[in-house]
Amino acid sequence: MLANYHTHTWRCNHAEGTEEEYVLSAMERGLTILGFSDHTPYPFPQPYVSTFRMEMSQYEEYVTVIQGLKEKYEGQIQIYLGLETEYYPKYFSQLLEKLRSSPLEYLILGQHFVGNEIGDVYSGSETGDVEVLRRYCYQAMDAMNTGLFTYFAHPDLIRFSGDPKLYRKYMTEMCQEAKNCRIPLEINLLGLRQQRWYPRSDFWEIAGETGCQAILGTDAHAPWHLTELDSEEKARALAERNHLRLLQSVELRSI
């Protein structure tokens, strides 16, 4: 790997280590590009609190720290400021209003919930309900068509255990839309490290048949994740089996 754009910080409440420790690990690994993309704050109405993302009040500090590291390590490694963001139609325009005044350089799509999160379904909850699958795929398609997302993180996060023919139907539509929008799909190394239900072999078979581009994403929640090699080897084997074109880096899409 030359680049990793999927890196979290302690602000998401489920990661560890300082931002500088991630930078040092990336340099030890030999990365030339490190993108920070912590879970975006979202302007949800009170009293709802989303526990797996930074609060809006933490965003300014996040920007300041990453910008400081960009300057400190200039000429040694290229550091980018990004966010991993869900597409929630009810709140997305409000989020963009808050982010556009900052030096944010990219968004990656990580659709952790369908709908608008509040009172709706977590994408990683096992379900045989084809309506949940359909909503996930169509919501991701709407997101990609905004033209604001650099790539789609763990697109196979949806944990559908129903009819395989329906899974193939909707995932083929979603992969075709990703191809049309020129959105790379991420083979997620966290899922491999923790032996989760994703990456799904049936999804990546569909992505390969559709001709999608792919990229590796460390999804680092600790500095050592950037130096771990076993999951990368498995991801490359997955890509090779499915004849996927793996990108070394991507062109960032600004908001």
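Where is H154 found? In this predicted model, H154 sits in the loop between β5 (151–152) and α5. Its phi is near 25 degrees, a positive value in a residue other than glycine. Most residues other than glycine have a negative phi, and most peptide bonds are trans. H154 counts as buried because its relative accessible area is 3%, under the 20% cut-off.

Q195 makes a good companion to look at next. Q195 also has a positive phi, of about 50 degrees, although it is not a glycine. You will find Q195 in the loop between α6 and α7. Is Q195 buried or exposed? With a relative accessible area of 69%, Q195 is exposed.

Stay in that loop for a moment, since P199 lies there as well, between α6 (189–193) and α7. The peptide bond from Y198 to P199 is cis, with omega near 5 degrees. A cis peptide bond also joins Q46 and P47, where omega is about 10 degrees. P47 has its place in the loop between β2 and α2.

Now let us turn to helix α1, which covers residues 19–29. Its buried residues are E19, Y22, V23, S25, A26 and R29. Seen down the axis of α1, these buried residues fall within an arc of 165 degrees, so they line one face of the helix. What do they pack against? Their partners are β2 (33–39), α2 (59–72), β3 (78–85) and α8 (230–241). Just after α1 comes G30, with a positive phi of about 95 degrees.

Helix α1 also leads us to the charged pairs. Side chains of opposite charge can pair when their charged atoms come close. The count for this model comes to 15 salt bridges. In one of them, the side chains of E20 and K72 meet at 2.6 Å, N to O. That pair links distant parts of the chain, with E20 in helix α1 and K72 in helix α2, 52 residues apart. E20 counts as partly exposed, at 27% relative accessibility. E19 of α1 belongs to a network of salt bridges that links it with R11 and E61.

Helix α2 has another pairing to show you: the side chains of E105 and K70 meet in a salt bridge of 3.1 Å, N to O. E105 lies in the loop between α3 (92–99) and β4 (106–109) while K70 is in helix α2, so the pair ties together parts that are 35 residues apart in sequence. E105 counts as partly exposed at 21% relative accessibility, whereas K70 is buried at 19%.

A further salt bridge joins the side chains of E209 and R168, at 2.9 Å, N to O. Here E209 is in helix α7 (residues 201–210) and R168 in helix α5 (residues 164–180), 41 residues apart. E209 is exposed, with a relative accessible area of 53%, and R168 is partly exposed at 33%.

Back towards the start of the chain, N4 is found in strand β1 (residues 3–4). N4 counts as buried, at 0% relative accessibility. Leaving out residues up to four places away in sequence, N4 touches L31, I33, L34, G35, G217, T218, D219 and L226.

Last on the tour is the largest pocket, with a volume of about 310 Å³. Of the 15 residues that line it, the closest to its centre are R182, P184, Q213, E251 and R253. By class, the lining of this pocket has seven nonpolar, four polar and four charged residues.

Methods: Residues are numbered from 1 along each chain as its sequence is written. This is a predicted model: local features need pLDDT of at least 70, side-chain atom pairs count only at pLDDT 80 or more; totals for chains, interfaces and linings use all residues. Side-chain values use heavy atoms; hydrogens and water are left out. Buried means under 20% relative accessible area, exposed over 50%, partly exposed in between (1.4 Å probe, protein chains only). Helices (H or I, at least four residues) and strands (E, at least two) are DSSP runs, numbered from the N terminus. The arc is that of the directions from the helix axis to the C-beta atoms. Contact means heavy atoms within 4.5 Å. A salt bridge is a side-chain nitrogen of Lys or Arg within 4 Å of a carboxyl oxygen of Asp or Glu. On a 1 Å grid over the protein atoms alone, a cavity is a set of points where a 1.4 Å probe fits but cannot get out, and a pocket is an open set with protein on both sides within 12 Å along at least five of seven lines; lining residues have an atom within 4 Å of a point. Grid points are joined across faces, edges and corners, and a volume is the space filled by probe spheres set on the points. Ala, Val, Leu, Ile, Met, Phe, Trp, Tyr, Cys and Pro count as nonpolar, Asp, Glu, Lys and Arg as charged, and the others, Gly among them, as polar.
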